[in-house]
Amino acid sequence: MFEVLEDIISNDAEVDQLGSQSSNVQYDDLFTALNSELYPGVSSFSSLNFLVKLMHLKVMNKWTNKSFDELLKLLKLAFPKMDLVESHYEAKKLMTKMGLGYQSIHVCKNDCALFWNENSTSETCPVCSESRWKMQAGRRTGKNVPHKVLRYFSLAPRLKRLFATSKAAKLMRWHRAGKSTDDNVMRHPVDGGAWKDFDRKHPVFADDVRNVWLGLAADGFNPFNNMSISYSMWPVVLITYNLPPWLWKDMDVFLLPLIEELKEKVFKMRAVLLWTVNDFPARSSLSGWSGQGYKACPTCNEDTPSMRVIRKTSYFDHRCFLPSTHCWRSNLDFDGRTERKRPPRRFSSVDIMDQLRRVKTTIPGKHPNYGGVKRKRDDDELNWREKSIFYELPYWAEIELKYNLDVMHIEKNICDSLLATLMGDPHKSKDTDNARRDLQNLGIRSELHIYEDGNRLMKPAAEYTFSEANRRKFCRFIRSVKFPDGFASNLSKNVPQNDSRIVGLKSHDCHVIMQR
C-alpha cells in the first residue's frame, strides 16, 4: 500500500512557475493510518489496511451505513485501544483521499443542463430557467434538495491507480502479449477488426503498450426491483480492455463530464474510448439514431427493408444476408419467392458524417418550451434524432465499430419469444391473430390463414407449435436437465408441477438454453 500512496502523491503534486511544489498535507492522515498499528502489539494489520478491508466487506455484503456505524461502535467498545475511525462518514472521507471518491453534479429537472463548471453556482437552469431545487407549493423545502444528481467518478485518478503497483502495471500490458496468434481465433477485443483498424489509423497511439483502451456500457434500471415507480437509474460503466478477460468485472447531458475528460486524456493520459456496449434502446439513446420507425436498423440505415402491417412496423428480407448459394435463398416456403437481393450496402464514416451534417441542432431536455417538444424530422435527416456527443471525441467518426449490442439482452428476448411461440402461450406468443391476418393480407403462407367455420373464426395449428403432449414432454425434459455446479441455475424451478409452461427464466438461463 506504500507504493500506491507514493504514486498518488507523486501524480497529484504539481510544480508551479516558481518551482515550488504543492503541499501534501492532505495525505498526512493516510500515512498516519498506514503507519499506525491497528492495536498495540498487532503488526499484521495497520489501521488503514483494516479499514479498507472492512469497507470492502460492507460493499460485498450490502451493509447499510447505519449497520456499519454500529459495527464500528461495537469494535471501539470491545477494543478501546483500537485505532479506528468512529463512523462511516469519516471512513468515506479517508477513502476519498485515495482517489476513490466521486463528484455530485446537480442536473436540471428537464435534463437540459448540468449545474457544473460555469453553472455550478446557478440557482436556475441556464436553458429553461427551472429551479435547481425541489419545491413544495411554489416554495423551496427546508433543506436544498436537487431534482436530480449525477454522481461522477472521475476517470483520471482511476487510470493512475491501474499503474500504481508493478503487478497491476504488468497486467495493463497484457493485451499486447496475450492476443491470439491465430488470425481466425478471437478471444479478446484486441483480436477483432475494430481494434486493428484503430491501430492502423492511429499508429502513434498503438505503439505504446501502456496506453489505455476503454469500452463504455450503459443501461437503465428501476432500483429495488420496483417497476411501478417512475424513478430510474442509468449506470455508465467504463471497462478497461488492457486487462486479461478473467479480470473484467437522453444521455448526452449526463455524459458531458466524461466526454470532456476523455477529450483531454486521449493526448495526455493516452486513453481511448473504443466502443459502447448496451441493449438496443440504450443504443438509440447513445448514438442519436432512432430505433423506431421504417428506418430503425442502424446498420441498413436508409436502406432498411420495412413495411407497415397491423399495428406495427415489420422488417423483412433477412435472407439477403445469407451466402448467395445458400439453400434457403431458393426456398419458397418463406414468402413464395426466391431471394436474389444482395446485402445492404455498408455506410462509411464519410457517409455517416455527411448525414449528420444535415441533422438540425436541438436543445437537450424535456421542457415543453425548449427541447421537450417532439418535432417532425425532415426527409433528409433519415432516422437521426441528434448528433451524439461522442462525436466530440476527435477519433470517434473513424472508429469502425462504435456500438456493440449486449448479447445477453438479445438472447433473453429471443429465447422468451421463441419459447412462448413454441409453447403456444396466448399472452406472449408472436403467433398472434394479427400476425395471421398479416400473412393473409400479404398473400403468403395460405395454410396459416384464419378461416370461417360457420359462425366461428378458426386459427389453424402451426407446425412450429407444440401439441399438448409434446409441450408436457418438453417441460419434463427441461425439468430433468442437470448442470455442473456454477454452470447454470436449477431449471426445474422454472417448470410448474403441471408441466404446462416455463416461467421466470433469467438472462443466463436463456443463454444456456439457446447455446446448449
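# Salt bridges, a sheet and two cores

The structure holds 23 salt bridges. The model is predicted. Besides these charged pairs, this briefing covers an open sheet of four strands and a nonpolar core of 44 residues, the largest one.

**Salt bridges between parts of the chain**

- Arg-345 and Glu-302 form a salt bridge, with 3.2 Å between the closest N and O atoms.
- This pair links distant parts of the chain, 43 residues apart. Arg-345 belongs to the loop between strand E10 (312-315) and helix H13 (349-356), while Glu-302 belongs to the loop between helix H12 (280-287) and strand E9 (306-309).
- Arg-345 has a relative accessibility of 45%, and because buried means under 20% and exposed over 50%, it counts as partly exposed. Glu-302 is also partly exposed, with a relative accessible area of 33%.
- Asp-317 forms a salt bridge with Arg-337, and their closest N and O atoms are 2.8 Å apart.
- Both Asp-317 and Arg-337 lie in the loop between E10 and H13, so their salt bridge ties together parts that are 20 residues apart in sequence.
- Asp-317 is buried, its relative accessible area being 10%, whereas Arg-337 is partly exposed at 33%.

**A salt bridge within one helix**

- Asp-416 and Lys-412 form a salt bridge in which the closest N and O atoms are 3.1 Å apart.
- Both residues lie in helix H14 (residues 407-423). They are four residues apart, which is about one turn of the helix.
- Asp-416 is partly exposed at 31% relative accessibility, and Lys-412 is partly exposed with a relative accessible area of 23%.

**A network of charged residues**

- Some salt bridges share partners, and in this way Asp-317, Arg-319, Asp-335, Arg-337, Glu-339 and Lys-341 are joined into one network.
- Two members of this network, Asp-317 and Arg-337, are the pair described above with a closest N and O distance of 2.8 Å.

**The sheet**

- The four strands of the open sheet run in the order E7-E6-E8-E11, and their pairing is mixed.
- Strand E7 (236-240) and strand E11 (403-405) are the edge strands, each pairing on one side only.
- From one strand to the next, the twist averages 30°.
- Strand E8 (residues 271-278) pairs with E11 in the parallel sense, over three bridges. In this pairing, Thr-276 stands opposite Tyr-403 of E11.
- Helix H9 (residues 193-201) packs on the sheet and touches strand E6 (212-218) and E8. The direction of H9 makes about 155° with that of E8.

**The nonpolar cores**

- In soluble globular proteins, nonpolar side chains tend to be buried together.
- The largest nonpolar core here has 44 residues. Those with the most contacts inside this core are Phe-198, Trp-213, Leu-273, Phe-390, Tyr-391, Tyr-395 and Trp-396.
- Strand E1 (103-107), strand E5 (148-152), helix H6 (155-162), H9, E6, E8 and H13 are the elements that give two or more residues to this core.
- Leaving aside neighbours within four places in sequence, Phe-198 is in contact with Phe-205, Trp-213, Val-272, Leu-274, Tyr-395 and Ile-399.
- There is also a second, separate core of 17 residues, which includes Leu-72, Met-82, Val-85 and Met-95.

Conventions:
Residues are numbered from 1 along each chain as its sequence is written. This is a predicted model: local features need pLDDT of at least 70, side-chain atom pairs count only at pLDDT 80 or more; totals for chains, interfaces and linings use all residues. Side-chain values use heavy atoms; hydrogens and water are left out. Two strands pair if DSSP finds at least two bridges between them. Axes are lines fitted to C-alpha atoms, for helices over the stretch in contact, and angles run from 0 to 180 degrees between N-to-C directions. Contact means heavy atoms within 4.5 Å. A salt bridge is a side-chain nitrogen of Lys or Arg within 4 Å of a carboxyl oxygen of Asp or Glu. Buried means under 20% relative accessible area, exposed over 50%, partly exposed in between (1.4 Å probe, protein chains only). A nonpolar core is a set of buried Ala, Val, Leu, Ile, Met, Phe, Trp, Tyr and Cys residues joined through side-chain atoms within 4.5 Å.
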